[in-house]
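Me: I am new to this structure. Please take me through it and say what each term rests on.

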Amino acid sequence: MSVVVPECCDDLKRERGRCLFNKEELTNILDGGPKLTEKRRRIEKMLINTPELFDDVSPDYLSHEDRYSNELRKATQLMTTLEKNGFTYNDAVTTGTGLWLLMDGNPLSLHISMFLDTIKGQSNPQQLQEWLPLAEKFKIIGTYAQTELGHGTFVRGLETTATYDSTTKEFVLHSPTITATKWWPGALGKTSNHAVVMAQLYLGGKCYGPHIFMVQLRDLETHRTLPGIVVGEIGPRLGMNSNDNGFLQFNHHRIPLTNMFMKHSQVTEDGKYVKPLHSKLSYGTMVQTRVGIVYHASRELSRALIIAIRYSAVRHQSEMVPGDPEPQILDYQTQQYKLLPHLASFFALRFSARALLEVFIGTSAGLGSGKMNMLPELHALSSGLKAVATNDAVKGTDICRLACGGHGYLSSSNLPRIYTAIAAGITYEGENTVLFLQVARYLIKSFRASSQGQTLPFSVSYLRVQPPSSHAPLMSDRGLVDALGAGVRWMVGEAERRLQQLVDSGHSPHAAWNACSVHLVQCADAHTRYYICEQFVDAVSKLGETVSSGVHEVLRQLCRLYILHRVIQTAGILLRCGAVDGKALTSIEEEECHLLATLRIQAVSIVDAIDIKDVFLKSTLGAWDGNVYQRIYEEAQKSPLNKSDVTQGYYQYLRPLMKANL
Ligand SMILES: CCC/C=C/C(=O)SCCNC(=O)CCNC(=O)[C@H](O)C(C)(C)COP(=O)([O-])OP(=O)([O-])OC[C@H]1O[C@@H](n2cnc3c(N)ncnc32)[C@H](O)[C@@H]1OP(=O)([O-])[O-]
Ligand SMILES: Cc1cc2nc3c(=O)[nH]c(=O)nc-3n(C[C@H](O)[C@H](O)[C@H](O)COP(=O)(O)OP(=O)(O)OC[C@H]3O[C@@H](n4cnc5c(N)ncnc54)[C@H](O)[C@@H]3O)c2cc1C
């Protein structure tokens, strides 16, 4: 049974008819300018015209092995299509487009991200010349092998050793225990023939801490594992099952001296160690990846929002007024409250991701000329934003799923897959609590430095002990952001006081730190969100002069909603430090409800402006035409169980049970 699909259902037509702003202009802002929109669309067109990039059968119906092969087929096709058409894999990553065709964890993602980034960021000139062309042309395929069975977070605790043998000018890589087994790296199991491996460097019996090594794992002709190496796949996971996350053990495996990445620290032929300019430069690939994850999280959240908001405009349920037709569920205030603050979050994250990228580019340029002073600021910002972005994207995506009721639980809605993919982001690339604790360390250090009269770097300058008083009226955007800043300053001051009190009463600084760590994580979260609010307000006010009034108004409303929501979430702290009073909070709550109703009218148009095509949304609930029920029904027909009326299971199990004398 198939029906003629209307261009777009009446509900969505009506929603789109109410649009009060120029969608294309908003699309351009989100992309970073009209040229980037145009480029993204060119890539999309090319991909859409490549049928090999699509699934014949939903991966849900494939075996574990077939899922992997199918994803590998698409990933390799994607890389060749991009290359042939004059684009790079980076174009597919930065626009999000290509990856959405593969997104259940694809076996080349670690190669095009962390493997290449390590080669670019950690190689000396000779290494770069040797490895980069090979990796860029896929002559070698690699991954980033750091985490072990026993340690992921605590990089200094890794157990894999790289012991230098000056007689042969080789490193001997070894996994001395079961817990030293590398565990988790994407594409390590079956795809990669190389890996960048984090291992403890030993010279003359002394350990110099974790360093990075280029290691060939498999023969380049036969793809068989090399002697001295055991490698395999770790088995099914919550999601991302089309990637071959792997394990790896070394048994006194030898690699040449020149395979240690030597841009920052070096080992000479006679086994002498040359220190890097900063001891954490070898963590550079992680920092770079965290910057990218902020974008990635915002993109995944936006996919979920498009699906849930379009569906909420199509779905009618219950009676708002007895006897009236069933309303669109988007008309319920509670539905608006579920979805619209997350829509505001998406914009906030997108603008913050851009600001972070600029800090990253600036810091990297500085590193090139030996300037290390921006590194702590970049580490704190990238850690905090990675944690907030993934936490919020996971929460927001799940709320989108719940907001779609039962149908959100269907695989064909694509919400479960978006959720499981982004859920991993809370853990990988630095578990979020751990990253927040790194931010907290920076906050406390900055707060103490300020007490001693030192000038603070820009992202923490508002923490200075005697800040200038805010002149903005409290209820203005700036006034509320200042109030949030005052709240964070109070929290950090309180954390510092508690730490000091514990130390004064005889606790060691480390024990005191652990005893305050719940509060410290809250400080880091609040600080990062304050930064995000600032970036959002700045971005909207800067755009003010350059964009049409309709677009500016929508952005202003989204920014306002983000700030109001944040103030309500932090009400307890803001009341305690006197930054707001109960009366102000009541009016903020009322304003938020009013804003939800205002934004609701534009909600479908706003998600349209995010401009993600149906082939990338892959959702029965979120397609442009709103033809939800027909799509769900047709997807169900593809279930292999529907191939026959009576399944084998009936003959094998059900019938014998029915015939048994129980
Ligand atoms: C994409 C999908 C695939 C996924 C892939 C993966 O997951 S791959 C696997 C991903 N795995 C992970 O992400 C693992 C997560 N774990 C880690 O990254 C590290 O173990 C750590 C950062 C938690 C601690 O590191 P540690 O024990 O070595 O350090 P410490 O705590 O003793 O602090 C000492 C000082 O160093 C400073 N500092 C630290 N890092 C940086 C930096 N990058 N830059 C600058 N500075 C940095 C810190 O602020 C402190 O400064 P202070 O206060 O003294 O001035
Ligand atoms: C899908 C996926 C893909 C991955 N891909 C890769 C990859 O390509 N390459 C790679 O090398 N690794 C990869 N990883 C591994 C990932 O980086 C680690 O899992 C991550 O760094 C967390 O480390 P862990 O698993 O040891 O967690 P743990 O550190 O054991 O965390 C467990 C709990 O302990 C808490 N905890 C730990 N330390 C502290 C502390 N100091 N203070 C307070 N609480 C603490 C954490 O907050 C958490 O609640 C991947 C993981 C996943 C899930």
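**Ligand 2, helix H4 and the whole chain**

Reply: Around ligand 2 there are 23 residues, the closest being Gln146, Thr147, Gly152, Thr153 and Thr433. The model is predicted: local features need pLDDT of at least 70 and side-chain atom pairs 80 or more, while totals for chains, interfaces and linings use all residues. Residues are numbered from 1 along each chain as its sequence is written, with chains lettered from A and ligands numbered from 1 in written order.

Me: What makes a residue near a molecule?

Reply: Its C-beta atom, placed from the backbone, must lie within 6 Å of the molecule.

Me: Which elements each supply at least two residues of the shell around ligand 2?

Reply: They are strand S1 (142-145), helix H12 (415-427) and helix H13 (432-451). Helices (H or I, at least four residues) and strands (E, at least two) are DSSP runs, numbered from the N terminus.

Me: Which residues of H4 are called buried?

Reply: They are Arg67, Tyr68, Glu71, Leu72, Lys74, Ala75, Leu78 and Leu82. Buried means that 20 or more other C-beta atoms lie within 10 Å of the residue's own, with C-beta atoms placed from the backbone; 12 or fewer is exposed, and in between is partly exposed. In the protein, 45% of the 662 residues count as buried.

Me: Why does the radius of gyration agree with a compact globule?

Reply: The rule is 2.2 Å times the number of residues to the power 0.38, and the radius is taken over C-alpha atoms. For 662 residues a compact globule would have a value near 26 Å; the protein has 27 Å, so the two agree. The C-alpha atoms fill a box of roughly 90 × 75 × 65 Å along the principal axes.
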